[in-house]
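Student: I should like to take a close look at one part of this model, namely its aromatic cluster and the surroundings of that cluster. Please give a single connected account.

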Amino acid sequence: MPTAGHSGEVPAPSKRADAVRNQQKLLAAAAEVFVTSGVDAPIREIATRAGVGMGTIYRHFPTRADLVVAVFRHQVEACAEAGPSLLASAGSPLAALRQWIDLFVDFLVTKHGLANTVQPDSSGFTALHTYFLDRLLPVAEQLLDAAVDAGEIRPGTQPYELMRGIGNLCIGSDGDPRYDPRRLVALLLQGLQQPQTSRPE
């Protein structure tokens, strides 16, 4: 139970909850801007999307690297939490896998941009990469296993293979209208599907 301070007032938990919600809203807005405009998007664009002043962003995240890392962690958690939710709500495990991969592709924009703001050979970057794998590999495995068990995709694909393959398809797509990584990712997923066999009459 919260205790009264020197003034006799009890700190309001709702203020802390509001601060957390506002920060999550800011990170969600930054993630959307990163997907459409890249991680070098103007801070003003993020502030406008979030409905806050630029000072608010700099107060929470003094440097662009701080913001990108926070968005990275925010998106990792969103992807990790989405897997089980999609399995429960989608029409089939394959549909859940497709929707999860869409989220993962959006997230990769931030992941690839992370190397431009955090030194790839730094301990911080290594820790983030480990965190990324620890959180998302089990989710990818759960989705793949469910689709295999439902007879919708071929067995044998490892979650690391799938995530790395999708990641490689998404590298270098920025600013090139001739290259659509989502189309190739869709073809990759199509290749995983079990061939449809005709049922006997």
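Student: To set the scene, what percentage of the residues in the protein chain is buried? Then, which residues form the aromatic cluster?

Tutor: This is a predicted model, in which local features need pLDDT of at least 70 and side-chain atom pairs count only at pLDDT 80 or more, whereas totals for chains, interfaces and linings use all residues. Residues are numbered from 1 along each chain as its sequence is written, and side-chain values use heavy atoms, with hydrogens and water left out.

Of the 201 residues in the protein chain, 34% are buried, where buried means under 20% relative accessible area, exposed over 50% and partly exposed in between (1.4 Å probe, protein chains only). The chain has eight helices and zero strands; helices (H or I, at least four residues) and strands (E, at least two) are DSSP runs, numbered from the N terminus. Among contacts between residues at least 6 apart in sequence, 65% join residues at least 24 apart, a contact being heavy atoms within 4.5 Å.

The cluster itself consists of Phe72, Trp100, Phe104, Phe107 and Phe132. The structure holds six aromatic pairs; rings of Phe, Tyr and Trp (its six-membered ring) pair if their centres lie within 6.5 Å, and planes under 30 degrees apart count as stacked, over 60 as edge-to-face and the rest as tilted. The ring centres of Phe72 and Phe132 are 6.4 Å apart with planes at 50 degrees, so this pair is tilted. Phe72 belongs to helix 4 (residues 64-89) and Phe132 to helix 6, 60 residues apart, and the pair thus links distant parts of the chain. Both Phe72 and Phe132 are buried. Phe132 also pairs with Phe104, and here the arrangement is stacked, at 6.3 Å centre to centre and 10 degrees between the planes. This pair, too, links distant parts of the chain, with Phe104 in helix 5 (residues 93-117) and Phe132 in helix 6, 28 residues apart. Phe104 has a relative accessible area of 0% and is therefore buried; Phe132 counts as buried because its relative accessibility is 4%.

Two further residues help to describe the surroundings. Val76 is found in helix 4 and is buried because its relative accessibility is 0%. Val76 touches Phe107, Tyr131, Phe132, Arg135 and Leu136, not counting residues up to four places away in sequence. Its C-alpha atom lies 8.7 Å from that of Phe104, at a sequence separation of 28 residues. Phe34, in helix 1 (residues 13-37), is likewise buried, because its relative accessibility is 0%. Phe34 and Phe107 are 73 residues apart in sequence and 9.0 Å apart in space, C-alpha to C-alpha. With residues up to four places away in sequence left out, the residues that Phe34 touches are Val39, Ile46, Leu67, Val68, Val71, Val109 and Thr110.

Phe132 also takes part in a helix packing. The axes of helix 6 (residues 123-149) and helix 7 (residues 159-170) come within 8 Å and cross at roughly 110 degrees. The contact is made by Phe132, Leu133, Leu136, Leu137, Ala140, Glu141 and Leu144 of helix 6 and by Pro159, Tyr160, Leu162 and Met163 of helix 7.

Note on methods. Axes fitted to C-alpha atoms, helices over the stretch in contact; angles between N-to-C directions.
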